[in-house]
Amino acid sequence: MKLDLSEENIKNLHSKCKNQDKHLYEFLKDEFPLMAIDDRLKYLATILNDFLEEYEWNDNDRIKEEGYSIVKFYPKK
């Protein structure tokens, strides 16, 4: 699967994430179930780079996957 980190696609993913109750990585995992974790993390980083102020998190609230420790970023309601 080819990554689409275009501004339009990132904005679309961010908007979709805001309209549900999952943390950002869980949303991306559901949205791209067959994607490699490294690519999913690229989407997560790009979304947060553009929209960090619209998410909330606790540094101690993490999930572990394939050797990564991923902070759960929840869309602000």
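Is Phe-73 buried or exposed, and what is its relative accessibility? In this predicted model, Phe-73 has a relative accessibility of 12%, which lies under the 20% cut-off, and Phe-73 therefore counts as buried. The protein averages a pLDDT of 95, and 99% of the residues score at least 70. The points below take up confidence, helix α1, the nonpolar core, the aromatic pairs and two further residues.

**Confidence**

- Among the elements of the protein, the lowest mean pLDDT belongs to β2, at 95, while the highest belongs to α3, at 97.

**Helix α1**

- Helix α1 covers residues 7-18, and at 1.5 Å a residue its twelve residues should span 16 Å, a value with which the 17 Å between its end C-alpha atoms agrees.
- The buried residues of α1 are Asn-9, Ile-10, Leu-13, His-14 and Cys-17; seen down the helix axis, they fall within an arc of 135 degrees, so they line one face of α1.
- An α-helix has 3.6 residues a turn, so residues three or four places apart point the same way.
- On the face of α1 that is turned away from the buried side are the exposed residues Glu-7, Glu-8 and Lys-11.
- The partners against which the buried residues of α1 pack are two helices, α2 (24-31) and α3 (37-51), together with two strands, β1 (55-56) and β4 (74-75).

**Nonpolar core**

- The largest nonpolar core holds 20 residues, of which Leu-24, Leu-28, Tyr-43, Leu-44, Ile-47 and Tyr-55 touch the most other members.
- Two or more residues of this core come from each of α1, α2, α3 and β3 (68-71), and α3 gives the most, with seven residues.
- Once its neighbours within four places in sequence are left aside, Leu-24 is in contact with Cys-17, Leu-44, Ile-47, Leu-48, Tyr-55 and Phe-73.
- In soluble globular proteins, nonpolar side chains tend to be buried together.

**Aromatic pairs**

- The count of aromatic pairs comes to two; in one of them, the rings of Phe-32 and Tyr-43 have their centres 5.0 Å apart and their planes at 10 degrees, and because this angle is under 30 degrees the pair is stacked.
- Phe-32 lies in the loop between α2 and α3, whereas Tyr-43 lies in helix α3, so the pair ties together parts that are eleven residues apart in sequence.
- Phe-32 is buried, with a relative accessible area of 11%, and Tyr-43, at 2% relative accessibility, also counts as buried.
- The rings of Trp-57 and Phe-73 have their centres 5.1 Å apart and their planes at 50 degrees, so this pair is tilted.
- The pair of Trp-57 and Phe-73 links distant parts of the chain, since Trp-57 is in the loop between β1 and β2 (62-65) and Phe-73 is in the loop between β3 and β4, 16 residues apart.
- Trp-57 counts as partly exposed at 39% relative accessibility, whereas Phe-73, at 12%, counts as buried.

**Two further residues**

- Glu-66 has a phi near 50 degrees, which is a positive value in a residue other than glycine; Glu-66 is placed in the loop between β2 and β3 and is exposed, with a relative accessible area of 63%.
- Asp-38 belongs to helix α3 and is partly exposed, with a relative accessible area of 40%.
- Although Asp-38 and Tyr-55 are 17 residues apart along the chain, what separates their C-alpha atoms in space is a distance of 21 Å.

Key:
Residues are numbered from 1 along each chain as its sequence is written. This is a predicted model: local features need pLDDT of at least 70, side-chain atom pairs count only at pLDDT 80 or more; totals for chains, interfaces and linings use all residues. Side-chain values use heavy atoms; hydrogens and water are left out. Helices (H or I, at least four residues) and strands (E, at least two) are DSSP runs, numbered from the N terminus. The expected span of a helix is 1.5 Å times one less than its number of residues. Buried means under 20% relative accessible area, exposed over 50%, partly exposed in between (1.4 Å probe, protein chains only). The arc is that of the directions from the helix axis to the C-beta atoms. Contact means heavy atoms within 4.5 Å. A nonpolar core is a set of buried Ala, Val, Leu, Ile, Met, Phe, Trp, Tyr and Cys residues joined through side-chain atoms within 4.5 Å. Rings of Phe, Tyr and Trp (its six-membered ring) pair if their centres lie within 6.5 Å; planes under 30 degrees apart count as stacked, over 60 as edge-to-face and the rest as tilted. pLDDT is the predictor's confidence in each residue, from 0 to 100.
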